[in-house]
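Open the structure in your viewer and keep a selection box ready. The stops below follow one another, each with something to select.

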Amino acid sequence: MTAQAQPISSGNPAPGFRDHPDHKVTREPFKGIVEVRRNQVPLARTEAAVLVRETGHTPVLYLPLINLNMDEMAPSEHTTYCPFKGNASYWSIAGGAGPGDHAAPAENAVWAYQSPYEDVEWLEGFAAFYADKVEILVNGLVVDATEPDWPEKL
């Protein structure tokens with residue numbers, strides 16, 4: 001009989017999954033070029049986005065932090081906690097020169113789990129944008145990522 005290798009625990013399991021075993025947080029590679037902008041100001045561009053699906057939530061694109069234009073963002077003191085993913089840090093986006101809502105700064109518009117629970121450790125190094133605060137483009141076309149089934153419409 002051969003022993004099977006067991007995953008090594010980092011000692012940081014997500015308590016949410018213990019209490020809600022049917023809750024899912026999954027990821028899948030996202031094919032295409034993803035761009036994020038606000039008031040025509042480029043905030044991110046990548047071909048390495050991942051689509052995260054979580055029970056009870058609209059699918060969210062997470063982009064590698066290295067592909068974000070951090071010159072347009074400022075760290076926020078705002079934080080949140082998720083029992084499935086961990087503590088999230090936030091950034092606000094500077095205001096633009098154009099008309100409308102996007103000319104004002106977007107407070108806490110970007111978030112990342114910089115030390116996520118081991119169950120979702122693949123989130124480390126990625127960040128997401130609130131889709132109602134930015135414009136998200138996939139392969140040059142604007143998508144409404146606030147719609148629950150937006151990925152299936154591509």
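Select strand 2 (34–38) and show its side chains. Val34, Val36 and Arg38 form its covered face, while Glu35 and Arg37 form the uncovered one. In a regular strand the side chains alternate between the two faces of the sheet.

Some ground rules for the tour. This is a predicted model, in which local features need pLDDT of at least 70 and side-chain atom pairs count only at pLDDT 80 or more, whereas totals for chains, interfaces and linings use all residues. Residues are numbered from 1 along each chain as its sequence is written, and side-chain values use heavy atoms, with hydrogens and water left out. Helices (H or I, at least four residues) and strands (E, at least two) are DSSP runs, numbered from the N terminus.

**Stop 1: the partners of strand 2**

Add strand 10 (residues 135–138) to the selection. Strand 2 and strand 10 pair antiparallel over four bridges; two strands pair if DSSP finds at least two bridges between them. Pick Val36: its bridge partner in strand 10 is Ile136. Then pick Glu35, which stands opposite Leu137 of strand 10.

Now add strand 3 (41–46). Strand 2 and strand 3 also run antiparallel, joined by five bridges. Arg38 stands opposite Val41 in strand 3.

**Stop 2: the turn**

Which residue takes a positive phi in the hairpin of strand 2 and strand 3? Select Asn39: its phi is near 55 degrees, in a hairpin with two residues between the strands. Asn39 is a residue other than glycine, and its place is in the loop between strand 2 and strand 3.

**Stop 3: the whole sheet**

Show strands 3, 2, 10 and 11 together. They make an open sheet of four strands, in the order 3-2-10-11, with antiparallel pairing. The edge strands are strand 3 and strand 11 (141–143), and each pairs on one side only. Neighbouring strands of this sheet are turned by 30 degrees against each other on average, direction ignored. For the angles, axes are lines fitted to C-alpha atoms (for helices over the stretch in contact), and values run from 0 to 180 degrees between N-to-C directions.

**Stop 4: a second positive phi**

Jump to Asn108 in strand 8 (residues 106–112). Its phi is positive too, near 50 degrees. Is Asn108 buried or exposed? Asn108 is buried, with a relative accessible area of 18%. Buried means under 20% relative accessible area, exposed over 50%, and partly exposed in between (1.4 Å probe, protein chains only).

**Stop 5: the largest pocket**

The largest pocket has a volume of about 470 Å³. Of its 23 lining residues, select the closest to the centre: His57, Thr58, Val60, Trp111 and Tyr130. On a 1 Å grid over the protein atoms alone, a pocket is an open set of points where a 1.4 Å probe fits, with protein on both sides within 12 Å along at least five of seven lines; lining residues have an atom within 4 Å of a point. Grid points are joined across faces, edges and corners, and the volume is the space filled by probe spheres set on the points.

Next, colour strand 4 (50–54) and strand 5 (60–64): each supplies at least two lining residues. Strand 5 gives the largest share, four residues.

**Last stop: zoom out**

Show the full chain. There are one helix and 11 strands. Buried residues make up 37% of the 154 residues.
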